[in-house]
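Hi there,

Here is the structure I promised to pass along. Please have a look when you get a moment, and then read on for my notes.

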Amino acid sequence: MLEKIFIILLIPVVIYVVYYLLNRTAKNNTAIKRVLSDEGKNILEQEVAYYRHLSVADKQEFETRCLAFLDTVKIEGVGVTLELKDYMLIAASAIIPIFAFKKWTYPNLTNIMVYPSHFNADYQFEGHADRNIMGMVGEGAMNGQMILSKSALEYGFENPNDGQNTAIHEFVHLIDKTDGTVDGVPTYLLDKAAIIPFMNLIREEINKIKEDRSDIDTYGMTNPGEFFAVASEYFFENPAKFQKNHPELYTALSRIFEQS
């Protein structure tokens with residue numbers, strides 16, 4: 001009688017243990033085997049020049065990082081339906097500037113809202129003539145948020161040689177902001193001894209823009225934070241031309257982003 005009672009009591013325990021082990025194994029296998037779909041890979045191959053130039057092993061790393069980013073950041077369309085291409089371009093924009101830093105996770109970003117087109121300072125994208133913002137990183141009540149224009153996002157990858165990419169620009173702002181301020185000096189990525197020389201270099205380059213002696217976008221002379229983001233767009237989009245026209249700045253950004 002006692003043996004029967006023991007068996008009856010043991011059955012649910014065995015069922016639970018078996019279920020737990022199977023469920024844990026399934027989850028682990030999913031994590032191990034989870035790879036980017038062929039459609040996602042094709043989008044990266046066709047649209048993202050940075051990805052195309054990577055080795056086979058680095059492409060796999062890039063794909064894994066894109067998936068991890070999409071798992072941790074919520075992306076939603078506002079007044080627009082998002083397609084896989086939009087998600088992949090946003091993920092690629094996030095990974096490109098931090099690709100050398102395997103554990104970087106954008107701690108200051110939780111949500112990305114994608115508008116159909118340019119918007120204004122009141123976050124409106126319809127019926128206003130002052131809609132000239134293509135992307136922005138939120139402050140104050142909007143902290144942790146990013147807004148991107150879908151049209152600007154896609155345009156940024158249409159011509160990989162024009163040195164302009166709105167999404168990369170905004171993610172560089174987030175990198176800059178990791179130390180608390182968007183000031184053009186990402187102290188987390190700079191040795192202390194390199195901070196003042198880099199600040200001086202930024203000032204020199206801004207003066208060149210003002211004097212019409214630079215091909216860096218004029219928006220870069222707004223302030224050091226915008227200069228850093230604008231120069232980084234150019235650096236990642238057309239590194240060969242950037243190195244030729246701005247060798248000292250190219251060397252500085254190569255060290256900051258650990259690009260060979």
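Below are some notes on two of the helices. Please keep in mind that this is a predicted model.

Let me begin with α2, which runs over residues 38-47. Its buried residues are G40, I43 and L44. Viewed down the axis of α2, these buried residues fall within an arc of 95 degrees, so they line one face of the helix. What does that buried set pack against? The partners are α3 (49-52), α4 (56-72) and α5 (84-95). Turn to the other side of α2 and you will find D38, E39 and Q46, which are exposed.

Next comes α8, residues 192-210. You may like a quick check on its length: at 1.5 Å a residue, its 19 residues should span 27 Å, and the end C-alpha atoms are 28 Å apart, which agrees.

Burial in α8 takes in I195, F198, L201, I202, E205, I206 and I209. Looking down the axis of α8, its buried residues stay within an arc of 140 degrees, so here too they line one face of the helix. Among the elements that cover them are α9 (224-237) and α11 (247-257). On the other side of α8, A193, I196 and K210 are exposed.

One backbone detail to finish: D212, just after α8, takes a positive phi of about 60 degrees.

Happy to talk any of this through.

Best wishes

Key:
Residues are numbered from 1 along each chain as its sequence is written. This is a predicted model: local features need pLDDT of at least 70, side-chain atom pairs count only at pLDDT 80 or more; totals for chains, interfaces and linings use all residues. Side-chain values use heavy atoms; hydrogens and water are left out. Buried means under 20% relative accessible area, exposed over 50%, partly exposed in between (1.4 Å probe, protein chains only). Helices (H or I, at least four residues) and strands (E, at least two) are DSSP runs, numbered from the N terminus. The arc is that of the directions from the helix axis to the C-beta atoms. Contact means heavy atoms within 4.5 Å. The expected span of a helix is 1.5 Å times one less than its number of residues.
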